[in-house]
Amino acid sequence: MTAPARIRGWCPSLFRPMESGDGWLARIRPERGRLPSALLRKVADAALRHGNGILEITNRGNLQVRGLRPESIAPFTTTMEEAGAAVGEGSRILISPLLGADPSLAPDLLALADEIDRALPESLSAKFGVLLDGGGALPLSGIVLDLVIRWTGADWAVNGKAVARDAIATHIRERATGLARVSERAGHPPKLGRHAGFLLLAPAFGQMRAEALLTLADLAETHGDGALRPTPWKSIALAGVAWDQAPTVLQAAEKRGFITDRNDGRLSLITCAGAPACARGEIATHDAASALAASRRAGDGLLHLSGCVKGCAHPGAAPVTLVGRAGQIDLVRHGKAADTPAFRGLSLAEIPATMQSLPA
Ligand code: SF4
C-alpha cells in the first residue's frame, strides 16, 4: 500500500488516506456513479471495524470513511480492495448519478466515459476532475470541475464549446490542461424526496452512521435497483423504486435519520463527528445540531457547527461557524472554525438569540 499522505489539502483516496481531526479518512469512488449493496455492506462493516463508524458523501460524489486509525489503515484498505471497492479508483470522472437507470440520459454515456478516461494524460494532478453530464432527470447543472463535458440535448460541449461526439476524446487528449475552466452560475441542489424514476435523500448534517448506510443498502436491494448513487450535492439517489413504494422507502430512510423532505431545517446545517465520537470534540455536535435545526429552515444560510477549531466538516468559511470550546460555543462570523470569534463562551440556549442579533 502507498504510504498515507500527511500533507493537508491532499486529495485523499482509498489508497492514500488523509489525516483529519478525528483520525484518517479514506474515499471510495463509485464505479461509474454506482455503489452496489453488496459492496456497501462490506464498507459499512469495515467503517465500524477500522474507523469510527461515520461516513459522508463528498461534493465529488465519493463515499468517505472517517476515523481510521494508523494501525487500521492497512487492514481497511486490504478489505476494501478484496471487496472490489477499488474498481472506480482509476477514473477522474464525476458522471451523471443515474447512469444505467435513466433512459433520458445522453446516448452512449458509458462508452464516452471510457474513452475520456483513456484520453486523459497521466501527468494531470491528482485533483484534476472531469464532469460528464449526460443531462436527463438529474442533470449536474451548476457543478463545475476542471473539465466539463455536457450534453446539450442535441450535442456535446466541452468547457462551453461545441465538440462533435466523435472528436471529444481527441480534443481532450490534445488540450486537457490548456482548456480554460468554465464559470457557471451555481445551481440549486435538486430537491429531496420522490422524483419520477428515483428518490433523493441526504444524510442529516452531512454524516451517517454505518448502520444507517446498511439500512439504505437493504432498501436499494429490496425496493430499488440494488445500488446507491451518491451525488455531488452530498445526497444519495435510489433508482428503480416503484412510484407506489416510494413512501415506504422514504419513511424507512427517515427513521434511520436521513432527510427526505426538501424543507427540512437540518439541510442548512453541517457538523462533524464531535464528542463523543471524536476525542478532540469539545461539544456533542450532533445533539447540538439537532437542537438548533428545530428553529431553522432549509433555505437559511449555511451554519457550520464544529466540535473544535479544526473544522473537519467544512474547511472553508461559512456565514456562521459555531465552534465547541470546553463545553461552550464560540461564534465566528463569515469565517472558518479557526478564525477569531465574534462571540465567546455561549451556551447552546443562547445561540438562536445571538444569531438573530447578527446583522444581515
Ligand atoms: S471535533 Fe470535529 S472538528 Fe474537531 S477534530 Fe473532531 S471531527 Fe474534527
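**Entry 1: the boundary of domains 3 and 4**

I began with contacts and noted that twelve residues of domain 3 touch twelve residues of domain 4. The model is a predicted one, and I kept that in view throughout. For the bounds I used the division of the chain into domain 1 (18-83), domain 2 (93-175), domain 3 (193-264) and domain 4 (266-356). I then looked up the separation of domain 3 and domain 4, whose C-alpha centres are 26 Å apart.

Next I took the area buried between domain 3 and domain 4, which comes to about 1,000 Å². Carbon and sulfur atoms give 55% of that area. On the domain 3 side, I recorded that Phe 205, Gln 207 and Asp 264 lose the most area to domain 4. Together these three residues account for 68% of what the domain 3 side buries.

**Entry 2: polar and charged pairs across the boundary**

I asked how many salt bridges the rule finds across the interface of domain 3 and domain 4. The answer is one. I also looked up Arg 266 and found it in a salt bridge with Asp 264, with the closest N and O atoms 2.8 Å apart. I compared the exposure classes of the two partners: Arg 266 is partly exposed at 22% relative accessible area, whereas Asp 264 is buried at 16%. The limit for buried is under 20%, so Asp 264 at 16% falls below it and Arg 266 at 22% does not.

I counted five residue pairs in polar contact between domain 3 and domain 4, with both residues at pLDDT 80 or more. I then classed the domain 3 residues that touch domain 4, and obtained five nonpolar, three polar and four charged.

**Entry 3: salt bridges in the whole structure**

I extended the search to the whole structure, where 16 salt bridges are found. One that I followed up joins the side chains of Asp 22 and Arg 66, at 3.0 Å from N to O. Asp 22 sits in the loop between strand 1 (18-20) and strand 2 (23-28), and Arg 66 belongs to strand 5 (residues 63-68), so the pair ties together parts that are 44 residues apart in sequence. I checked both residues for burial. Asp 22 is buried at 11% relative accessibility, and Arg 66 is buried at 2%.

I noted a general point here: side chains of opposite charge can pair when their charged atoms come close.

I also examined the side chains of Arg 325 and Asp 330, which form a salt bridge at 2.6 Å, N to O. Here the partners fall into separate classes: Arg 325 is partly exposed at 36% relative accessibility, and Asp 330 is buried at 6%. I then looked for salt bridges that share partners, and found that they join Asp 22, Glu 56 and Arg 66 into one network.

**Entry 4: Thr 260**

I turned to Thr 260 and placed it in the loop between strand 16 (258-259) and strand 17 (269-271). Is Thr 260 buried or exposed? I found it buried, at 9% relative accessibility. Its side chain makes a polar contact of 2.5 Å with the side chain of Glu 254. Setting aside neighbours within four places in sequence, I listed the contacts of Thr 260 as Leu 192, Gly 193, Leu 201, Leu 250, Ala 253 and Glu 254.

**Entry 5: backbone geometry**

I checked the backbone against the general expectation that most residues other than glycine have a negative phi, and most peptide bonds are trans.

Which peptide bond did I record as cis? The bond from Ala 275 to Pro 276 is cis, with omega near 0°. Pro 276 lies in the loop between strand 17 and helix 7 (285-293).

For phi, I recorded a positive value near 50° at Arg 32, a residue other than glycine. Arg 32 lies in the loop between strand 2 and strand 3 (35-36), and is buried at 18% relative accessibility. I entered Ala 326 as well, with a positive phi of about 50° although it is not a glycine. Ala 326 lies in the loop between strand 19 (318-325) and strand 20 (328-335). I set the two side by side on burial: Arg 32 counts as buried, while Ala 326 counts as exposed at 66% relative accessibility.

Conventions:
Residues numbered from 1 in each chain as written. Predicted model: local features only at pLDDT ≥ 70, side-chain atom pairs only at ≥ 80, totals over all residues. Heavy atoms only, no water. Domains from an automatic or database assignment. Contact = heavy atoms within 4.5 Å. Buried area = accessible area lost by both parts, 1.4 Å probe. Salt bridge = Lys/Arg side-chain N within 4 Å of Asp/Glu carboxyl O. Polar contact = N/O pair within 3.5 Å; in protein donor to acceptor, adjacent residues only side chain to side chain. Nonpolar A, V, L, I, M, F, W, Y, C, P; charged D, E, K, R; others polar. Helix = DSSP H or I, 4+ residues; strand = E, 2+ residues; numbered from the N terminus. Buried < 20%, exposed > 50% of the residue type's maximum accessible area, 1.4 Å probe, protein only.
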